[in-house]
Amino acid sequence: MACQNCGASDTIKAHLIPEAFVMEVKVERGEQLLIVHEGQARPKVSNTGNYDPSLLCAACDGILGRWEGYAYTLFKRLRGVRAELGSFAAMGHVDGDQILRFAAGIAWKFTATQKHFGKIDIGPYSSLLKEVAFENAPIPSSVDVAVVRLVELDGDVYYYREPVPARHGGINSVRFSVGSFVIYLKTDKRPNDRTMPPECWLKGRSEGKFLIAPAEYFTEGKLHRELAMKDPVRRFFGDMRTRKQTRTQNK
Ligand SMILES: [Zn+2]
């Protein structure tokens, strides 16, 4: 199939969640990742995460790659910010529009991919997000972005979560999680959700704030915990640990 953005015929294996964020989840080289989809009995074992071979050409994938690289570096830096849990911390310099285009690109990929990769339906916002992500067009008022840092016990990254349509304070959004952050991409004509101060909404900002919160207060943290305690996830990681111990003992 042709590139879903420009129509070029030579598509590449485009990662839905950027590989850098997937690799970050893993602790050791060669360690595998388990992809669990709601309602799907068998989880999928993966090395680099899902990619769709008929979504994007190399040039268009590269456009999104720029925003993804920016977000990856920013989140890494922000994970080093120490502040009390439950507080709004200053980000320092940030290019809010790049974070917004990053979020729009990830969300758009999931609207344009195939059903078995976790396609989402957000109606006309799909084409709006595509413009925001691929064309350096002015960003409409119906979209904005905020990020929340989820802190696990030792502050590390243990999972990512693919985009899902969500609703906060009655306002529609797409939310997903990478790099131990939850990203809220507003897709709604109404004003921003007021549960966060205005400085947390990053569009057009060169300085912003983000909430630092315990992971267990959020669906992402809860899901991870629940899944990790149940089979088949528990068995998978149990087996992996056993193999690792055997390797260490045999050295
Ligand atoms: Zn293209």
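In the predicted model, Phe-75 is a residue of helix 2. Its relative accessible area is 0%, and Phe-75 therefore counts as buried. Phe-75 is paired in space with a residue remote in sequence: Val-178 lies 103 residues away along the chain, yet the two C-alpha atoms are 8.7 Å apart.

Helix 2, which spans residues 58-78, also contributes Glu-68 to an ionic pair. Glu-68 forms a salt bridge with Lys-109, with a separation of 2.9 Å between the closest N and O atoms. This pair links distant parts of the chain, since Lys-109 belongs to helix 3 (residues 96-112) and the partners are 41 residues apart. Both Glu-68 and Lys-109 are buried.

The count of salt bridges in the model comes to two. Besides the pair between the helices, Arg-190 forms a salt bridge with Asp-188, where the closest N and O atoms are 2.8 Å apart. The two partners of this bridge are assigned to separate accessibility classes. Asp-188 has a relative accessibility of 6% and so falls under the 20% limit for a buried residue. Arg-190, at 38%, is partly exposed because this value lies between the limits of 20% and 50%.

Asp-188 also enters the surroundings of Lys-186, a residue of strand 9. Lys-186 is buried but has no salt bridge. The nearest side chain of opposite charge is that of Asp-188, at 6.1 Å; this distance is beyond the 4 Å cut-off for a salt bridge. Polar contacts are nevertheless present at Lys-186. The side chain of Lys-186 reaches the backbone oxygen of Asp-188 at 3.2 Å. A further polar contact, of 3.4 Å, joins the side chain of Lys-186 to that of Asn-192.

Strand 8 and the loop that follows were examined next. Ser-177 is located in strand 8 and has a relative accessible area of 0%, so Ser-177 is buried. The side chain of Ser-177 reaches the backbone oxygen of Phe-181 at a distance of 3.0 Å. Ser-180 occupies the loop between strand 8 and strand 9. The phi angle of Ser-180 is near 65°, a positive value in a residue other than glycine. With a relative accessible area of 7%, Ser-180 is likewise under the 20% limit and therefore buried.

Strands 8 and 9 also take part in the lining of the second largest pocket. This pocket holds about 200 Å³ of space and is lined by 14 residues. Those lying nearest the centre of the pocket are His-168, Tyr-184, Asp-193, Thr-195 and Met-196. Strand 8 (171-178) and strand 9 (181-187) each provide at least two residues of the lining. The largest share, three residues, comes from strand 8. In terms of residue class, the lining comprises eight nonpolar, four polar and two charged residues.

Technical notes
Residues are numbered from 1 along each chain as its sequence is written. This is a predicted model: local features need pLDDT of at least 70, side-chain atom pairs count only at pLDDT 80 or more; totals for chains, interfaces and linings use all residues. Side-chain values use heavy atoms; hydrogens and water are left out. On a 1 Å grid over the protein atoms alone, a cavity is a set of points where a 1.4 Å probe fits but cannot get out, and a pocket is an open set with protein on both sides within 12 Å along at least five of seven lines; lining residues have an atom within 4 Å of a point. Grid points are joined across faces, edges and corners, and a volume is the space filled by probe spheres set on the points. Helices (H or I, at least four residues) and strands (E, at least two) are DSSP runs, numbered from the N terminus. Ala, Val, Leu, Ile, Met, Phe, Trp, Tyr, Cys and Pro count as nonpolar, Asp, Glu, Lys and Arg as charged, and the others, Gly among them, as polar. Buried means under 20% relative accessible area, exposed over 50%, partly exposed in between (1.4 Å probe, protein chains only). Lys and Arg count as positive and Asp and Glu as negative; His and the chain ends are not counted. A polar contact is a pair of N or O atoms within 3.5 Å; within protein, one must be able to donate a hydrogen and the other to accept it, and residues adjacent in sequence count only if both atoms are side-chain atoms.
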